[in-house]
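Here are a few exercises to work through at your own pace. Try each task before you read its solution.

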Amino acid sequence: MDLNEANQAPEVNPEDDQGDNNNMASLLESEGLEIDFPTQGEIRQGVVASVTPGQILVSVGTKSEGVISGKEYELIPSDELANLKIGQEIPVFVINPEDSNGNLVLSYMRAREEEGWQIVENMVAKKESFHSSIIGFNKGGLIVPVGGLRGFVPSSQISFSRRSTMTGDTPEQRWSKMIGQEIDVVVIEVDKERRRLILSERQASSESRDSVKDRVIEELKEGQVYTGRVTSLADFGVFVNVNGADGLVHLSEISWDRIQHPSEVLKVGQEVKVKVITIDREKRRIGLSIRQLQSDPWDQKVTIFQEGQLVEGTITRLTKFGAFARLTDDIEGLIHISEISEKRIEHPREVLKEGDTYTLRVLKIDTTNHRIGLSLRRVDSMAYADMDWQSLEGILVVDEKDSTEAVAESAETSELKAEPKKTKKQKVDVVETTEPEAEEVAEVAEPEAEVKKTRKPKAETVESTEPEADSKE
């Protein structure tokens, strides 16, 4: 061989080198040796390799297996943990590609949560509803799971039909019986950073507020009693939800007592019994009453009065149409201007004065409207002469009875006072009780008579009965 030929280096073809590299990649791929390392925050589909107490091994496509242990293991619900099987495919979230021990650290619940955020974001974009079930509650509403997340349905976003079944004053009483019930919701707010997910059943329901009210109005009947819940307070009354529709309890229909604002006796969320008093289907209004289910104290207070009776009243207020007179501490009557004087007057002040007391006649008692009609000009009317005479006879009978009782009491007292004298002088007992004047004479003459009895016993009668004859002797 020629020396030059021996020292000459072989020629290298770049295309041949590239082909060798491709062959190597193909070889690694064919042998399953391609390295695809997981990255932090990535969600992968893994296969359960083993399940032991406190640890789950998951194969994620590399030669090494990831581990779910510690806190991430404890976060898995017990029912889901019991259903995990070897060979089952599950999503996992890469927490750490390699910890200090060289382990690939995974999380099953974080993967479920991330998938949930993707689901709700798609729901918002597509405006889709989600079918789920109620798993819990708090003081403000219901807890509903959506794709591994826990969503919140505020009470204001619960459907009208479901709200109509609420009873009780505490969250437990209102919401606890709804746990386990199915529910359709839509997402109305998503905040992944704050982990905030707000849902609405009302917007997912095809039944609107107006349609619910129309249905309720058709079902309600005047005079019937229902249980409702106070939804809002206003200066003029209170709104109460009955079977999903709000009705108004006017301020005058809340209580028999005078109140300035509904907040004095009611609060939002309070459960109350109401009576349907009006239904306006054209204007879609429902009138309710609370006080009509309570006994009217006015009916008992007014029993002391009767039409035609004479009463004493103190003028409390003068108006153009008449004057108000207080008959008792909490009952007033009206003297219409036509019932003040026989003469025509322009204003009650021409005859009456506030604070003065007058004798008045009861003309009318209206128990329905709580009104008493009074009259000043008919106090001496002959139309009521018989009633006045009967009232006068009643007063006379009472006076006569009182007089008789007083005389009897006086006589009884006299007998008690005279009792000691009976032991001293039995013979003048009758005189003392029947003729009080003789008693004084006897008492005055008694000492002198005793002296005379000792000196001249035979002349006792003459001396005591005829004092002049005694002087002649």
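The exercises below deal with a barrel, a buried arginine and some salt bridges.

This is a predicted model, in which local features need pLDDT of at least 70 and side-chain atom pairs count only at pLDDT 80 or more, while totals for chains, interfaces and linings use all residues. Residues are numbered from 1 along each chain as its sequence is written, and side-chain values use heavy atoms, with hydrogens and water left out.

**Exercise 1.** Find the order in which five strands close into a barrel.

Solution. Start with the terms: strands are DSSP runs of E with at least two residues, helices are runs of H or I with at least four, and both are numbered from the N terminus. Two strands pair if DSSP finds at least two bridges between them. Going round the barrel, the order is β12-β13-β14-β16-β15, with mixed pairing. On average, neighbouring strands of this sheet are turned by 55 degrees against each other, direction ignored; axes here are lines fitted to C-alpha atoms, and angles run from 0 to 180 degrees between N-to-C directions. Now look at one pair: β13 (residues 237-242) and β14 (residues 245-250) run antiparallel and are joined by six bridges. Within this pair, F239 faces L248 of β14.

**Exercise 2.** Decide whether R162 is buried or exposed, and find its polar partner.

Solution. First, locate R162 in helix α6 (residues 160-163). Next, apply the cut-offs: buried means under 20% relative accessible area, exposed over 50%, and partly exposed in between (1.4 Å probe, protein chains only). R162 has 11% relative accessibility, so it counts as buried. Finally, its side chain makes a polar contact of 2.8 Å with that of E201. Such a contact is a pair of N or O atoms within 3.5 Å; within protein, one must be able to donate a hydrogen and the other to accept it, and residues adjacent in sequence count only if both atoms are side-chain atoms.

**Exercise 3.** Explain why the salt bridge of E339 and R378 ties together separate parts of the sequence.

Solution. A salt bridge needs a side-chain nitrogen of Lys or Arg within 4 Å of a carboxyl oxygen of Asp or Glu; the count by this rule is 14. For E339 and R378, the closest N and O atoms are 2.8 Å apart. E339 lies in the loop between β19 (331-336) and β20 (357-366), and R378 in the loop between β21 (371-375) and α10 (385-424), so the pair ties together parts 39 residues apart in sequence. E339 counts as buried at 8% relative accessibility, whereas R378, at 27%, counts as partly exposed. Salt bridges with shared partners join E339, E342, R377 and R378 into one network.
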